[in-house]
Amino acid sequence: MLLLLLSTIISKEGHFKLSGIIELPYDLVICEKPDAALRIAQALGSLSFKKMSRLEKAKRERLPPVFSVTDRNNQRFVVCSALGHLYGLVDIRGNRTIYPVFDVTWRPLKKKGTHGFKTSAKTEQIIRSISALSHKATRIVHACDYDQEGEVIGYNILQYACDNKYESSLRAKFSTLTDEEIRNSFDNLLRPSKGLAEAGRSRHMIDFIYGVNLSRALTQSYKVSNEGKAFCNLSIGRVQGPTLAFVVEQDIEIRNHISDPYWTISGEFEKNGHRIKAHYHKQKITTQSQATFIVNECTDQYGKITTIKDEKVGSKAPNPFSLGDLQSEAYRVFKFSPSHTLAIAEKLYLDALISYPRSSSQKLPASINYKKIILHLSSFVDSTTGGAVYSILASKLLAKDHLSPNEGRKTDPAHPAIYPTGEKPKRRPQSAEIKLLDLIIKRFFATFGDPAISQHTTITILVKDEHIFIADAKKMIYEGWMYFYKPYSNGSPLGDQTNLPLLRNDDILKSVAITMSEKFTQPPVRFNEASLLQKMEKEKIGTKATRSEIISTLFKRNYITSTNTYSRESIVVGGVGGRTRSGIEATDIGFELVQSMHKYIPNIVSTNLTRSMEEQLDNIEVGKAKSAAVIEAAMDRLKEAIVSFKEKEIDIGRQITEAIAITRNEQRQRQQITLGTCPICKNGELRIIKSNTTQKRFVGCSNYSTGTCKAAAPLPQKGLITKMEKICNVCKWPMVKSTYGGQSKNPWVFCVNMQCPSKKQQQNENI
DNA sequence: GCAAGGTC
C-alpha cells in the first residue's frame, strides 16, 4: 500500500504543483479537519515515517495536509481537509445599524473570531486547493463528521467550491475515527443526506435571523435613546438568551427566598467507655418547642439498639472524560473555568499529549490500544525530581488480567472520549497544563479500576420506646479505582464516624449528650461557571464546543458577574481567564435584557426556541417540512416582534441606559480591592484602583476623594496582583504578590510602599 | 462592535 503526502504548495493562482502520480485516476475525500484526514488516510492506506515528517511541515504552515493513498482494493484516494466551516452567512449590505435584515448569503468565512488562526486568505487558499483537486476527481467522498454541522460543512464545500457536486457525491458514515469503522464506511459509501444538510443550513439561518437582528435592535435602542452619542455592544441569541435567563431566574429565587428556621438534634451515647455519635432520625424539626421536648426527653436516658445493618457498598469506576465532564471536574478540583479548561485542553491536544478534546463521548474503543498508552505513561518522568510519575499506577494496571474501561452512555459522531496519548511533552508544559494533563491521565487510569468498596454500618438506637437515633459509620475497605485517581478521588462522604465499636442488638447505651442546634433553610445555590455549563448541557442548548464560550460572552457583555471577585485565601486582581470565582449573579443589564426580551419576544429567553427549532429541523431532515417555509415563519415572527419593539425603542433604550449606568458603577466599586487600613491617615482604606484616565492600576487611600489623605503607590501593570494577608514589618504598608507569565512558582512578594526603608536598604546592599 | 457553529 502506498501513501504519499502531496506537496501542499499552492501557487498564487491556486493551482497545485502535484507530482506526476496525481495524473492517475483518484477519488477525492473531503474531511472536516486535518486530524480526521490523517486518520482516514491512515485507515485507507498506511503512513510511512518519512511522510509523517512531511505532515509536520504542513502543520507548521497551518494548512490542512493532502494525502494520496491506495487502499487494499488498489483504489486511489486523495484525502484533503477543511478547517471546520469554510463558509458562513453574511449580511449582504453589511450595515450593522440596519435591521431587520434577511438578505443573507453563504460566503467564504472572512476571519475566525477568537483565536485568529483561520485568516481570510487561508480560507480562500483552502477553498482553491479543494476546488482544484475536485476538478480531476473521479468521485468525491464527503467524509466530514457524520452530524448536522458536518453535513453542512461538506455540503457548502461541494456546492460552492466543487461546482454543485453535493448531489453526485458519496457519503462516508462513521461514528468514530477508528480504522475499522473508516474502512467499513468506505466499503459502504452512502448517498449524501440532503435533508440533513438543509436542516443544518436552516439552523444557521434561524440563528442569524433571531440573533443578529435582535442584537442590532438592542444595540440601536441604546444608541438612539442616547441620541447617537453613546455606544454599547449588546447581544442576544438562541443560546445566550436562555442561559442568561437561568441566572436571572435563580437570582430572583434567591432574592425572594425566605429563610425558615429548623432544628437538628444530635446525640452522643456511651457503652463500655466507647462514645458513639448519632443523629435524630428526623433530620429537620420545624419548631423549637418540639426540639426542646425531644432533648429533654432523651437527656440522661438509656437507649436500646434495635437494629444493626451492615452492608458493603460499591462505587463503580468513573467514566472516561467527555469535554463537559472534564470541564466540571477541572472546576471541582482546580477551580478552572470551563473556557480556561477548553483552552488548555486544546494546547495539550495540539502538542499531541491528549486526544481530541471537543468530544461528547464517554467511550474509549479498544483500538486506541490501552496497554500501549499505559506503558508509555509509565515512563513519564517528573522534570524537577527526575522520578517516574506514573510507573507504580501503570504497573498495577498492567498486572490486571484484562483492561476494560467503565464507559459511559454518551457518544460522539467523530471522536472517542478524551484520553492521554502517552506522548511525552516536547516542551516544558505550564503549570496549568501539567495539572490538567495529570487529571486526564489519572482519570484514564481510574476508568480501568475495580469498583471501590466501603462498609456502611447503620445502627438504630431507641430511647424511651419513642425516639429513634441513627448512628452510622462508613469505612473504605477496598480502594479500587480511587487508588488511581488520587488526589482527585472524592472519597465517600463519611457517616457520623469511621468506626463503630462492636455492638449487638439489644445492647443498652447511655445518652451522654443530647444537643439541638438551630439552622435555617437556605436559598438555592448560585450557579458557578461549571454548574451553569451543566445546566446548559441538561437543557440541551449550545454544543460541547460553544457552551463555555457563550458563558464567557455573557461575562464580556456584563450581563452576568461573579458575586465574589475574591478567592477564598487571597484577593486576585486583573487576572486573565484562569480561576473562576465563587458564584454568578445577573447584573442590572442582564435583568433588564431578560425583562424586555420577555415582553417583546419571550422565545429568545426560553429554551422553547431551541426545542421548537429542533422539531422543525427534524421535519426538514426527513422531508416533512420545507426549509424555506420554516425560515419564512421565523422571519414573520421576528418581524412582528421587531415592529412592537421599535415602537418602544426609546423607552427600552432608556431602561437599558439606566441599567448600564448602575452596572458600570457597581463594577467600578468592585474593582476597588481593599488592602487594609491606610498606614498614613490610619482611618481610610488602601485599595487597588484602576485609574479612569490612564486605565492603570495603583494603590490609593479611600480618603483621597475627601482630600484628607494622599497615600498612593504604583503597581506593576502586568500579571496578577494578589493580596497577602500580612503587612510589611518595616513600614506597615500591605504586602502583595505579583505573578507574571509562567513565573507562578517564583512570585514576587513585596510591600507596596515605594518609600519603604527596607527597599532603600536592599538598594544599598546591592551597591 | 451582532448569533451559533465548526476549526487550529
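Two strands count as paired if DSSP finds at least two bridges between them. Keep that in mind as you click around this predicted model.

**Stop one: strand β2.** Select residues 27-31, which make up β2. On one side, five bridges tie β2 to β7 (residues 139-143), and the two run parallel. To find your place in that pairing, highlight D27: across from D27, in β7, sits R139. Now add residues 76-81, strand β4, which also runs parallel to β2 and is joined to β2 by five bridges. Here C31 is your marker, with S81 of β4 opposite.

**Stop two: the side chains of β2.** Turn on side chains for the strand. In a regular strand, side chains alternate between the two faces of the sheet. Which way does each residue of β2 point? D27, V29 and C31 go one way, while L28 and I30 go the other. Five of the five residues in β2 are buried.

**Stop three: L28.** Zoom in on L28 and show what surrounds it. Beyond its neighbours within four places in sequence, L28 is in contact with V78, C80, I130, L133, S134, A137, R139, I140 and V141.

**Stop four: the largest nonpolar core.** This core has 90 residues, and L28, I30, I157, Y210 and I604 touch the most other members. Next, select helix α6 (residues 194-225), which supplies the largest share of the core, eleven residues. Then colour domain 1 (3-192) and domain 2 (202-254 + 526-661): both give residues to this core, so it lies between them.

**Last stop: another core.** Finish by selecting L348, L353, Y390 and L403, which are among the 46 residues of a second, separate core.

Definitions and conventions: Residues are numbered from 1 along each chain as its sequence is written. Chains are lettered from A and ligands numbered from 1 in the order in which they are written. This is a predicted model: local features need pLDDT of at least 70, side-chain atom pairs count only at pLDDT 80 or more; totals for chains, interfaces and linings use all residues. Side-chain values use heavy atoms; hydrogens and water are left out. Buried means under 20% relative accessible area, exposed over 50%, partly exposed in between (1.4 Å probe, protein chains only). Helices (H or I, at least four residues) and strands (E, at least two) are DSSP runs, numbered from the N terminus. A nonpolar core is a set of buried Ala, Val, Leu, Ile, Met, Phe, Trp, Tyr and Cys residues joined through side-chain atoms within 4.5 Å. Domain bounds come from an automatic or database domain assignment. Contact means heavy atoms within 4.5 Å.
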